[in-house]
Amino acid sequence: MGLLFVESLPGPKVFKCKFCKVDSASHDAIISKDFHGRFGRAYLFKSVVNISLGPNEDRHLLTGLHTVNDIYCSCCQQILGWRYEKAYEESQKYKEGKYILEKARMLKEGW
């Protein structure tokens, strides 16, 4: 399969995959903490690391129709959230290219 490249994040506050404890996002990358996912509360991030993306999928979410990709941990392949590929409503365009990580699937380190 080859060697897996894992990126480590600097800083005292880092979100990690709950299942394998690899870095997923920096506290500094949080845009909003006011989101909901499949497993409860979720955070919107401008960037994440150590993930792989699933295929494009149209989903009807609370804020309307979006094209999204599920996000998987690149180490353990657990689902962590999703990425907004396209928002169809003008008021939701700010989400495009951003990432949702579900709080229930994350560990906080350095808090």
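Strands are DSSP runs of at least two residues, numbered from the N terminus. In this predicted model, N50 is found in the loop between strand β4 and strand β5, the latter covering residues 51-53.

## Overall picture

The chain has ten strands and zero helices. Read from the N terminus, its elements run β-β-β-β-β-β-β-β-β-β. The radius of gyration is 14 Å, which agrees with the value near 13 Å that a compact globule of 111 residues would have. The C-alpha trace spans about 35 × 35 × 20 Å along the principal axes of the chain.

Of the 111 residues, 41% are buried. The accessible surface comes to about 6,300 Å², and carbon and sulfur atoms hold 53% of that area. Among contacts with a separation of 6 or more, 46% are between residues 24 or more positions apart. The chain carries 17 positive and 13 negative charges, and the mean positions of these two sets are 6 Å apart.

## Aromatic residues

The count of aromatic pairs comes to four. One of them joins F15 and Y43: the ring centres are 5.6 Å apart and the planes stand at 80 degrees, over the 60 degrees required, so the pair is edge-to-face. This pair links distant parts of the chain, with F15 in strand β1 (residues 14-17) and Y43 in strand β4 (residues 40-45), 28 residues apart. F15 and Y43 are both buried.

Y43 also pairs with F45, in a tilted arrangement with 6.3 Å from centre to centre and 50 degrees between the planes. F45 is buried, as is Y43. Together, F15, Y43 and F45 form one aromatic cluster.

## Two loop residues with positive phi

Most residues other than glycine have a negative phi. K21 has a positive value, near 65 degrees, and is not a glycine. K21 lies in the loop between β1 and β2, where β2 covers residues 23-26. With a relative accessible area of 51%, K21 is exposed, the cut-off being over 50%.

N50 is likewise a residue other than glycine with a positive phi, in this case near 55 degrees. Is N50 buried or exposed? Its relative accessible area is 9%, so N50 counts as buried; the limit for that class is under 20%.

## Three strand residues

D23, I31 and G40 show how residues in strands can be placed with respect to the rest of the chain.

D23 is found in strand β2. D23 has a relative accessible area of 8% and is therefore buried. Leaving out residues up to four places away in sequence, D23 touches E7, S8, L9, V14, F15, K16, V49 and N50. Two residues described above are thus among the contacts of D23: F15 of the aromatic cluster and the loop residue N50. In contrast to these contacts, the C-alpha atoms of D23 and G64 are 30 Å apart in space, with their positions 41 residues apart in sequence.

I31 belongs to strand β3, which covers residues 30-37. Its relative accessibility is 42%, so I31 counts as partly exposed. Beyond residues up to four places away, I31 touches L44, F45, K46 and K98. One of these, F45, is also part of the aromatic cluster. I31 and L80 are 49 residues apart along the chain, and their C-alpha atoms are separated by 17 Å.

G40 has its place in strand β4. G40 is partly exposed, at a relative accessible area of 29%. Which residues is G40 in contact with, leaving aside its neighbours within four places in sequence? They are F35 and E102. G40 and E102 are 62 residues apart in sequence, while the distance between their C-alpha atoms is 7.1 Å.

The C-alpha distances given for these three residues are listed below.

| Pair | Apart in sequence | C-alpha to C-alpha |
|---|---|---|
| G40 and E102 | 62 residues | 7.1 Å |
| I31 and L80 | 49 residues | 17 Å |
| D23 and G64 | 41 residues | 30 Å |

Definitions and conventions:
Residues are numbered from 1 along each chain as its sequence is written. This is a predicted model: local features need pLDDT of at least 70, side-chain atom pairs count only at pLDDT 80 or more; totals for chains, interfaces and linings use all residues. Side-chain values use heavy atoms; hydrogens and water are left out. Helices (H or I, at least four residues) and strands (E, at least two) are DSSP runs, numbered from the N terminus. The radius of gyration is taken over C-alpha atoms; the globule rule is 2.2 Å times the number of residues to the power 0.38. Buried means under 20% relative accessible area, exposed over 50%, partly exposed in between (1.4 Å probe, protein chains only). Contact means heavy atoms within 4.5 Å. Accessible areas come from the Shrake-Rupley method with a 1.4 Å probe; for residues, only the protein chains shown count as cover. Lys and Arg count as positive and Asp and Glu as negative; His and the chain ends are not counted. The place of a charge is taken as NZ of Lys, CZ of Arg, CG of Asp or CD of Glu. Rings of Phe, Tyr and Trp (its six-membered ring) pair if their centres lie within 6.5 Å; planes under 30 degrees apart count as stacked, over 60 as edge-to-face and the rest as tilted.
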